[in-house]
Amino acid sequence: MKLHSTTPQHYQTVTAYHDDAVEINAVRFDYNLIVMPEVAPVPWKVASFDALTPEDFASIDAANPDVVILGTGRRQRFIHPRLTTCLTDRRIGVECMDSQAACRTYNILMAEGRRVALALLFD
(Lines give C-alpha, C1' and ligand atoms only; values in the text may rest on other atoms or scores of the structure.)
Protein backbone atom coordinates (compact mmCIF):
# COMPACT_ATOMS: atom_id res chain seq x y z
CA MET A 1 0.00 0.00 0.00
CA LYS A 2 1.36 3.38 -0.96
CA LEU A 3 0.95 6.19 1.50
CA HIS A 4 0.99 9.71 0.27
CA SER A 5 1.20 12.69 2.50
CA THR A 6 -1.22 15.42 1.64
CA THR A 7 -0.23 19.01 1.95
CA PRO A 8 -2.78 21.76 2.44
CA GLN A 9 -1.08 24.02 -0.11
CA HIS A 10 -4.33 24.79 -1.90
CA TYR A 11 -6.00 25.66 1.41
CA GLN A 12 -5.65 28.92 3.30
CA THR A 13 -3.62 27.84 6.33
CA VAL A 14 -2.44 29.98 9.23
CA THR A 15 1.33 29.60 9.14
CA ALA A 16 2.20 32.15 11.86
CA TYR A 17 0.53 34.65 14.13
CA HIS A 18 1.65 37.72 16.02
CA ASP A 19 -0.10 40.19 18.32
CA ASP A 20 -0.74 42.57 15.43
CA ALA A 21 -0.78 40.32 12.35
CA VAL A 22 -1.28 36.84 10.97
CA GLU A 23 0.41 34.92 8.17
CA ILE A 24 -1.74 32.92 5.80
CA ASN A 25 0.36 30.60 3.63
CA ALA A 26 3.39 32.71 4.65
CA VAL A 27 1.81 35.99 3.50
CA ARG A 28 1.49 38.60 6.26
CA PHE A 29 -1.82 40.39 6.92
CA ASP A 30 -1.96 43.17 9.52
CA TYR A 31 -5.62 44.13 9.20
CA ASN A 32 -8.94 42.57 10.20
CA LEU A 33 -9.80 39.77 7.81
CA ILE A 34 -11.93 36.73 7.05
CA VAL A 35 -10.21 33.47 6.16
CA MET A 36 -11.85 30.35 4.74
CA PRO A 37 -10.08 27.21 3.56
CA GLU A 38 -10.76 27.40 -0.17
CA VAL A 39 -10.84 31.14 -0.92
CA ALA A 40 -8.24 33.86 -0.57
CA PRO A 41 -8.42 35.92 2.66
CA VAL A 42 -10.57 39.04 2.38
CA PRO A 43 -10.43 42.24 4.41
CA TRP A 44 -13.13 42.50 7.06
CA LYS A 45 -14.22 46.13 7.18
CA VAL A 46 -14.74 46.33 10.94
CA ALA A 47 -13.36 49.30 12.88
CA SER A 48 -13.02 47.49 16.22
CA PHE A 49 -14.52 44.85 18.49
CA ASP A 50 -16.81 47.44 20.08
CA ALA A 51 -18.04 48.57 16.66
CA LEU A 52 -19.27 45.12 15.52
CA THR A 53 -22.78 45.07 14.04
CA PRO A 54 -25.13 42.31 12.85
CA GLU A 55 -24.28 43.32 9.26
CA ASP A 56 -20.63 42.41 9.87
CA PHE A 57 -21.70 38.84 10.56
CA ALA A 58 -24.19 38.80 7.68
CA SER A 59 -21.24 39.18 5.33
CA ILE A 60 -19.74 36.00 6.83
CA ASP A 61 -23.08 34.20 6.55
CA ALA A 62 -22.99 34.69 2.77
CA ALA A 63 -19.98 32.32 2.65
CA ASN A 64 -22.14 29.56 4.19
CA PRO A 65 -19.69 28.23 6.81
CA ASP A 66 -20.45 25.44 9.30
CA VAL A 67 -18.81 27.37 12.12
CA VAL A 68 -17.31 30.82 12.64
CA ILE A 69 -14.25 31.26 14.84
CA LEU A 70 -13.98 34.87 15.99
CA GLY A 71 -10.50 35.95 17.05
CA THR A 72 -10.97 38.94 19.34
CA GLY A 73 -7.39 40.16 19.56
CA ARG A 74 -4.89 39.65 22.37
CA ARG A 75 -7.56 38.67 24.87
CA GLN A 76 -10.75 36.69 24.67
CA ARG A 77 -13.89 38.80 24.52
CA PHE A 78 -17.47 37.72 24.02
CA ILE A 79 -19.96 39.27 21.64
CA HIS A 80 -23.63 39.86 22.37
CA PRO A 81 -25.75 37.03 20.87
CA ARG A 82 -27.94 39.52 18.97
CA LEU A 83 -24.95 40.27 16.71
CA THR A 84 -24.88 36.74 15.33
CA THR A 85 -28.59 36.00 15.03
CA CYS A 86 -28.27 35.61 11.24
CA LEU A 87 -25.77 32.79 11.85
CA THR A 88 -27.29 31.05 14.85
CA ASP A 89 -30.77 31.06 13.27
CA ARG A 90 -29.25 28.87 10.55
CA ARG A 91 -27.51 26.68 13.14
CA ILE A 92 -24.05 28.06 12.33
CA GLY A 93 -21.91 27.99 15.45
CA VAL A 94 -19.96 31.04 16.57
CA GLU A 95 -17.03 30.70 18.97
CA CYS A 96 -15.12 33.62 20.47
CA MET A 97 -11.49 33.28 21.55
CA ASP A 98 -8.28 35.25 21.57
CA SER A 99 -6.79 35.49 18.09
CA GLN A 100 -3.93 33.04 18.65
CA ALA A 101 -6.32 30.34 19.91
CA ALA A 102 -8.67 31.15 17.02
CA CYS A 103 -5.86 30.59 14.50
CA ARG A 104 -4.96 27.23 16.02
CA THR A 105 -8.60 26.13 16.13
CA TYR A 106 -9.17 27.22 12.54
CA ASN A 107 -6.21 25.12 11.34
CA ILE A 108 -7.52 22.04 13.17
CA LEU A 109 -11.07 22.39 11.84
CA MET A 110 -9.82 23.17 8.35
CA ALA A 111 -7.63 20.05 8.39
CA GLU A 112 -10.71 18.01 9.36
CA GLY A 113 -12.44 19.24 6.22
CA ARG A 114 -14.92 21.53 7.98
CA ARG A 115 -16.27 24.67 6.30
CA VAL A 116 -14.87 27.00 8.89
CA ALA A 117 -14.60 30.78 8.72
CA LEU A 118 -11.92 32.57 10.72
CA ALA A 119 -12.84 36.18 11.48
CA LEU A 120 -9.86 38.03 12.95
CA LEU A 121 -9.81 41.36 14.75
CA PHE A 122 -6.55 43.01 15.71
CA ASP A 123 -6.29 45.45 18.60
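The exercises below, each with a worked solution, concern the cores, cysteines and pockets of a predicted model.

**Exercise 1. Determine how many residues the largest nonpolar core has, and which elements supply at least two residues of this core.**

Solution.
- Step 1. The largest nonpolar core has 19 residues. Those with the most contacts inside this core are V22, I69, L118 and L120.
- Step 2. At least two residues of this core come from each of β2 (22–24), β4 (33–36), β6 (67–71), α3 (99–111) and β8 (116–120).
- Step 3. The helix α3 provides the largest share of this core, namely 6 residues.
- Step 4. Apart from this core lies another, of 18 residues, including I34, M36, L87 and C96.
- Step 5. As general background, nonpolar side chains in soluble globular proteins tend to be buried together.

**Exercise 2. State with which residues V22 is in contact, leaving aside its neighbours within four places in sequence.**

Solution.
- Step 1. Once those neighbours are set aside, the contacts of V22 include V14, A16, Y17, V27, R28 and F29.
- Step 2. The list for V22 also contains L33, C103, L120 and F122. One of these, L120, is itself named with V22 among the residues with the most contacts inside the largest nonpolar core.

**Exercise 3. Establish the count of disulfides, and explain why C86 is in none.**

Solution.
- Step 1. A disulfide requires two cysteine sulfur atoms within 2.5 Å.
- Step 2. For C86, the closest cysteine sulfur is that of C96, 13 Å away, which is too far for a bond.
- Step 3. C103 is in no disulfide either, as the nearest cysteine sulfur, in C96, is 14 Å away.
- Step 4. The count is therefore 0 disulfides.
- Step 5. The surroundings of the two cysteines may be added: C86 is partly exposed, with a relative accessible area of 25%, whereas C103 is buried, at 2% relative accessibility.

**Exercise 4. Describe the volume and the lining of the largest pocket and of the second largest pocket.**

Solution.
- Step 1. The largest pocket holds about 210 Å³ of space. Its lining consists of 11 residues, and Y11, P37, E38, G113 and R114 lie nearest its centre.
- Step 2. By class, 7 residues of this lining are nonpolar, 1 is polar and 3 are charged.
- Step 3. For the second largest pocket the volume is about 160 Å³. It is lined by 13 residues, of which I34, V42, P43, S59 and I60 are the closest to its centre.
- Step 4. At least two residues of this second lining come from each of β4, β5 (39–43) and α1 (54–61), and β5 gives the most, with 4 residues.
- Step 5. The lining of the second largest pocket divides into 10 nonpolar, 1 polar and 2 charged residues.

Methods: Residues are numbered from 1 along each chain as its sequence is written. This is a predicted model: local features need pLDDT of at least 70, side-chain atom pairs count only at pLDDT 80 or more; totals for chains, interfaces and linings use all residues. Side-chain values use heavy atoms; hydrogens and water are left out. A nonpolar core is a set of buried Ala, Val, Leu, Ile, Met, Phe, Trp, Tyr and Cys residues joined through side-chain atoms within 4.5 Å. Buried means under 20% relative accessible area, exposed over 50%, partly exposed in between (1.4 Å probe, protein chains only). Contact means heavy atoms within 4.5 Å. On a 1 Å grid over the protein atoms alone, a cavity is a set of points where a 1.4 Å probe fits but cannot get out, and a pocket is an open set with protein on both sides within 12 Å along at least five of seven lines; lining residues have an atom within 4 Å of a point. Grid points are joined across faces, edges and corners, and a volume is the space filled by probe spheres set on the points. Ala, Val, Leu, Ile, Met, Phe, Trp, Tyr, Cys and Pro count as nonpolar, Asp, Glu, Lys and Arg as charged, and the others, Gly among them, as polar.
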